[in-house]
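User: Please take a close look at one part of this model, namely its largest pocket, and describe the lining together with the helix packing around it.

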Amino acid sequence: MTLLLSPNAQWVLLSTLILGMASGMIGCLAYWKRQSLMSDALSHAALPGVVIAFALIGTKFLPVIIAGAAVSALIGALLIQWIRSSSRIKEDTAMGIILSVFFGLGIMLLTIVNRTASGNQSGLDGFIFGQAASMTRQDVYVMLFLALIVMLVVFIAFKEWKLFLFDADFAKGLGMSNRLMNGVYLAVLVLVIVIGIQAVGVILMAALLIIPAVSARYWTHSFKWMIILSALFGGGAGMLGTMISTLGKGWPTGPFIVVASSAFFIFSLLFGAQKGLLIKALQLRTQKKQLIRPWNAQVKLEKGD
Amino acid sequence: MSYTGWILLTASLVGLSCGLIGVFLILRRMAMMADAISHSVLLGIVIAFIITRQLSGGHMLIGAIIAGLLTAVLVQWFNSLSIQHDASIGVVFTTLFAIGVILIATQVGNAHLDVKHALMGEITFVPWNTIELPFIGAVPEAAFLLAIVLIVVLLAILAFYKEWKITSFDPALAASLGIPVMLMHYVFMSLVSVTTVASFDAVGAIMVVAMLITPAAAAYLWTDRLSVMLVLSGAFGVLSAISGYYIAVWLDTSISGSMAFATGLVFMISFLGSPKHGLLSRVIRPFTIPSA
């Protein structure tokens, strides 16, 4: 626990908090675009970019690594789009192909880089499962800055996002460019994935986008509140997971963040105010009672007592 | 058989059984389900290891089947609770996988089972870990397991060929004909888990996805017949396993990574050059067909 009080650890905590909030918000967009698993494919596809960027500059300078990851994830996204639109392969198959082939390429390159002297101590492996403890102050600044940009994009164009996600045809009729919106959507999705890979890792980054959004869905029918709640769940999971992972030596951060967000999900699933299992069961019971009471009364009447 | 020979045989068995299973995954649009199962199988293996304290094939298989079925059931259940299908896949497998990784990091953390091994496989160690078989002699355990799984897969496909064909292409018709669609689904899911876990040792969790999806997708571009697609997909699986091995030797890098990359190459060639559904044929066709 003393670790938590050091200023560096506090900065790391702050960054995972903001990261969780940003990814929770973008996760809502992905949920309503019905592309939750796209984030999984893109985060895996970022790995070759991470390794190539490292190999080019020779150090783990975060802005360059993030740029590499973004380029690689964007190439993956474009390839998925291309395969889907110009052959009879369905989107989920295309995602599976890009995900596994890019990850395979990433592992190939990682093995080659790890063989060199400088690569061996680079801690590039940390990008697979996330190692928040390895973050420097400068990394935290970069992450905070980019995450704030992402949140700002959602906040400023909130009305447009709503239109774009729920009634794209209407949005088009109003003169909005769906192409532009799609572009911006892809850009913020990739951005939030690549800033998360250092803390959460390429394999589990998708969870931080998917799980908070699904949890928030159990509490509200309003898109605005869904985004706010999802940001809260994501931020809470980010902080909680990071805190737990500091308890043990060399524990990876990513899995703990994911399990923390799953705990929020299970809580929401059971007790959520709108669609939670408990509330549904209670509603079912009252409805049954309402139906059965007059029926029982009628039966009594007919029996004559 | 030589060291390289055993590796190539093991890899080809992976390519063959994954290629066969993959065909049905593609046709049922469950490609991402393969991704989910290959991740959550890790949890089954880790729990089996924690309970028995040994890495034996049988226990791992049981753990993996349970984990795979648990994934399938949970996804189905969440989906019935009005969560979008792909979101429920995303919730389930990331959670199970994360629990598996945490257990490895906190409970197991020793030389027997580590995360990197589970993710990337260690096919180079396969030939060392042998068992004695009557009549045949010493055989690597992984290859033996894969051969059995391949036989099971083949038998299942032969036995349920008609049923799976109908349920894959027209589930409503299958249900009206009295085919137990749900049961078939779960049988199929267990088969996917078994194949995944048997391939685990050789190529690791992520590469299994490549082996399952990509050769079948490539075969899908060459033919419209299910039987031909099965044969092609198996052949592509073997081809990418072998060429992946030689790429890895040439570049001195991760074998499983190169195999996944090789499946991508096979797919890219099919995507561009396939006579039926390839990109080039689409570009060329407008100039040749209009006269007809």
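Analyst: The account below begins with the pocket, continues with two helix contacts, and ends with a cavity and the database record.

The model is predicted. Its largest pocket holds about 590 Å³ of space. Lining this pocket are 27 residues, and those closest to its centre are Arg28(B), Arg29(B), Met30(B), His85(B) and Ile89(B). Several helices of chains A and B give two or more residues to the lining. From chain A these are helix H3 (36-45) and helix H6 (91-115). From chain B they are helix H2 (31-52), helix H3 (57-80), helix H4 (85-108), helix H6 (141-169) and helix H8 (181-220). Sorted by class, the lining of the largest pocket comprises 14 nonpolar, seven polar and six charged residues.

Two of these contributors, H6(A) and H2(B), also pack against each other. Two packed helices are described by the angle between their axes and the distance between the axes. For H6(A) and H2(B) the angle is about 45°, and the axes are 7 Å apart. H6(A) is therefore oblique to H2(B). On the H6(A) side, the contact involves Asp92(A), Thr93(A), Met95(A), Gly96(A) and Leu99(A), while H2(B) supplies Ala31(B), Met32(B) and Asp35(B). By class, the residues of this contact are four nonpolar, two polar and two charged.

H2(B) has a further partner within chain B. Its axis comes within 8 Å of that of H8(B), and the two cross at roughly 90°. The pair is therefore classed as roughly perpendicular. From H2(B), the residues that meet H8(B) are Ala31(B), Met33(B), Ala34(B), Asp35(B), Ile37(B), Ser38(B), His39(B), Val41(B), Leu42(B) and Ile45(B). Among their counterparts in H8(B) are Met189(B), Val192(B), Phe200(B), Ile206(B) and Leu212(B). This contact divides into 16 nonpolar residues, four polar and one charged. Ala31(B) and Asp35(B) of H2(B) thus appear in the contact with H6(A) and also in the contact with H8(B).

Enclosed space is a separate matter. The model contains three cavities of 30 Å³ or more. The second largest cavity has a volume of about 40 Å³. Its lining draws on Tyr31(A), Val214(A), Arg217(A), Tyr218(A) and Lys275(A), together with Leu81(B), Ser82(B) and Ile83(B). Five of these lining residues are nonpolar, one is polar and two are charged.

Finally, the record bears on chain A. An unreviewed UniProt entry places the feature "transmembrane region" at several spans of chain A, including residues 95-113 and 140-158. In the model, residues 95-113 of chain A are 100% helix and 0% strand, with end C-alpha atoms 26 Å apart. Residues 140-158 of chain A are 95% helix and 0% strand, and their end C-alpha atoms lie 27 Å apart.

Terms used: Residues numbered from 1 in each chain as written. Chains lettered and ligands numbered in written order. Predicted model: local features only at pLDDT ≥ 70, side-chain atom pairs only at ≥ 80, totals over all residues. Heavy atoms only, no water. 1 Å grid on protein atoms, 1.4 Å probe; cavity = no way out; pocket = protein on both sides within 12 Å on 5 of 7 lines; lining within 4 Å. Points joined across faces, edges and corners; volume = space filled by probe spheres on them. Nonpolar A, V, L, I, M, F, W, Y, C, P; charged D, E, K, R; others polar. Helix = DSSP H or I, 4+ residues; strand = E, 2+ residues; numbered from the N terminus. Axes fitted to C-alpha atoms, helices over the stretch in contact; angles between N-to-C directions. Parallel < 35°, antiparallel > 145°, perpendicular 65-115°, else oblique. Contact = heavy atoms within 4.5 Å. UniProt positions renumbered as here; feature names shortened; annotations may be inferred.
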